[in-house]
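I set out to look through one structure and to keep notes as I went. The entries below record what I looked up and what I found.

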Amino acid sequence: MRVLKINSYQEMSEWVCKRVIDTIKSCENPVLGLATGSTPKGLYQCLIEAYNRKEISFKNVTTFNLDEYIGLDPKNPSSYNYFMQDRLFNHVDIDPKRVFLPNGMATDIEKECDDFEALIKKHGPIDLQILGVGVNGHIAFNEPGTSFTSRTQRTQLTANTIEVNSRFFENKDEVPTEAITMGIGTIMESKEIILLISGQNKAQAVKHLVEGEATEDCPVTVIQKHPNATVVIDEEAASLLS
Ligand code: F6R
């Protein structure tokens with residue numbers, strides 16, 4: 001695991017954007033793993049700008065998103081599907097048939113999870129997986145205590161995650177309590193992982209990741225075991241490192 005300290009959020013976004021562009025250009029049929037939330041917004045903005053400059057095309061790109069809330073329609077502005085359309089897909093030439101997110105409205109959630117795994121097997125492996133981390137150390141919606149070998153599954157969100165994510169909803173009661181998440185074992189099969197971490201509220205998770213041991217109590221620490229992972233940390237997130 002490489003650790004790269006970077007001065008600002010903007011620099012982080014530009015750096016990772018270059019890496020994504022390199023991946024798109026160097027693979028015939030690139031497969032990207034994508035995250036939602038505050039952290040990758042800057043990356044998606046940089047990618048749209050690169051597309052507008054005609055530096056890249058998404059025509060041959062396939063994407064898999066990490067997670068989706070159970071019970072939210074893709075038209076719901078708080079859904080992760082809506083986020084991805086709004087922040088990236090609506091602005092570039094990606095083929096909608098190559099865009100995969102778990103369907104939080106599926107009538108059979110367990111089947112939806114199995115189908116999502118099968119799709120990753122069919123189109124994968126994921127060439128480059130972009131990750132963020134939760135304040136409590138979760139990756140995707142794999143909350144503390146999730147097995148490092150887990151596959152795509154239904155998961156209960158912790159009180160902490162519901163509280164932290166309530167900023168994306170009108171009020172806390174609207175935050176779904178369950179989600180579909182790509183498994184930790186699934187994520188670890190990506191050829192390369194870039195984990196973006198920004199902000200003071202992630203400093204404890206960063207300390208555990210960089211200076212602690214890999215333990216299922218802090219899911220992000222599994223990244224220590226990946227053969228080709230880079231963790232990009234801004235100054236605030238790195239503030240507790242010795
Ligand atoms: C979202 C996801 C989550 C977020 C994490 C950090 O698809 O997988 O694990 O990466 O909750 O979210 P932000 O970036 O909003 O702090």
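The entries that follow take up a sheet, two cores, a few single residues and a cysteine pair.

**Entry 1: the sheet**

I note at the outset that this is a predicted model. I looked up an open sheet of three strands, whose order is 4-8-7 and whose pairing is antiparallel. Strand 4 (67-69) and strand 7 (153-156) are the edge strands, and each pairs on one side only. On average, neighbouring strands of this sheet are turned by 30° against each other, direction ignored.

I then asked how many bridges join strand 7 to strand 8. I found four bridges between strand 7 and strand 8 (residues 178-181), and the two strands run antiparallel. Within this pairing I located Gln156, which stands opposite Glu178 in strand 8. As general background, I recall that strands of a sheet pair through backbone hydrogen bonds.

I also looked for a helix against these strands. Helix 4 (residues 109-123) lies across strand 7 and strand 8, and runs at about 125° to strand 7.

**Entry 2: the nonpolar cores**

I turned next to the cores. The largest nonpolar core has 40 residues. Val20, Leu47, Phe58, Leu88 and Ile130 have the most contacts inside this core. I checked which elements supply it: helix 1 (9-26), strand 2 (31-34), helix 2 (41-52), helix 3, strand 6 and strand 9 (192-197) each give at least two residues. A second, separate core has 33 residues, including Ile139, Met182, Ile184 and Ile187. In soluble globular proteins, nonpolar side chains tend to be buried together.

I took Ile130 as one case from the largest core. Leaving aside neighbours within four places in sequence, Ile130 is in contact with nine residues that I list here: Val16, Val20, Gly33, Leu34, Ala35, Leu43, Leu66, Ile194 and Leu196.

**Entry 3: Asn142 and Ser150**

I found Asn142 in the loop between strand 6 and strand 7. Ser150 lies in the loop between strand 6 (128-131) and strand 7 as well. Is Asn142 buried or exposed? Asn142 is buried, with a relative accessible area of 1%. Ser150 is buried too, at 9%.

I looked up where the side chain of Asn142 points, and it reaches the backbone oxygen of Met182 at 2.8 Å. Beyond neighbours within four places in sequence, the contacts of Asn142 include Ser150, Gln153, Thr181, Met182 and Pro219. With the same neighbours left aside, Ser150 is in contact with Asn142, Gly183, Ile184, Gly185 and Thr186.

**Entry 4: Lys75**

I placed Lys75 in the loop between strand 4 and helix 3 (80-87). Lys75 is exposed, with a relative accessible area of 70%. I compared its position with that of Glu112: the two are 37 residues apart in sequence and 19 Å apart in space, C-alpha to C-alpha.

**Entry 5: the cysteines**

I counted disulfides and arrived at zero. Why is Cys46 not bonded to Cys17? The sulfur of Cys46 is 4.9 Å from that of Cys17, its closest cysteine sulfur, and is therefore too far away for a bond. The cut-off I applied is that the two sulfur atoms must be within 2.5 Å. Cys17 is buried, with a relative accessible area of 6%, and Cys46 also counts as buried, at 10% relative accessibility.

Note on methods:
Residues numbered from 1 in each chain as written. Predicted model: local features only at pLDDT ≥ 70, side-chain atom pairs only at ≥ 80, totals over all residues. Heavy atoms only, no water. Pairing = 2+ DSSP bridges. Axes fitted to C-alpha atoms, helices over the stretch in contact; angles between N-to-C directions. Contact = heavy atoms within 4.5 Å. Buried < 20%, exposed > 50% of the residue type's maximum accessible area, 1.4 Å probe, protein only. Core = buried A, V, L, I, M, F, W, Y, C linked by side-chain atoms within 4.5 Å. Polar contact = N/O pair within 3.5 Å; in protein donor to acceptor, adjacent residues only side chain to side chain.
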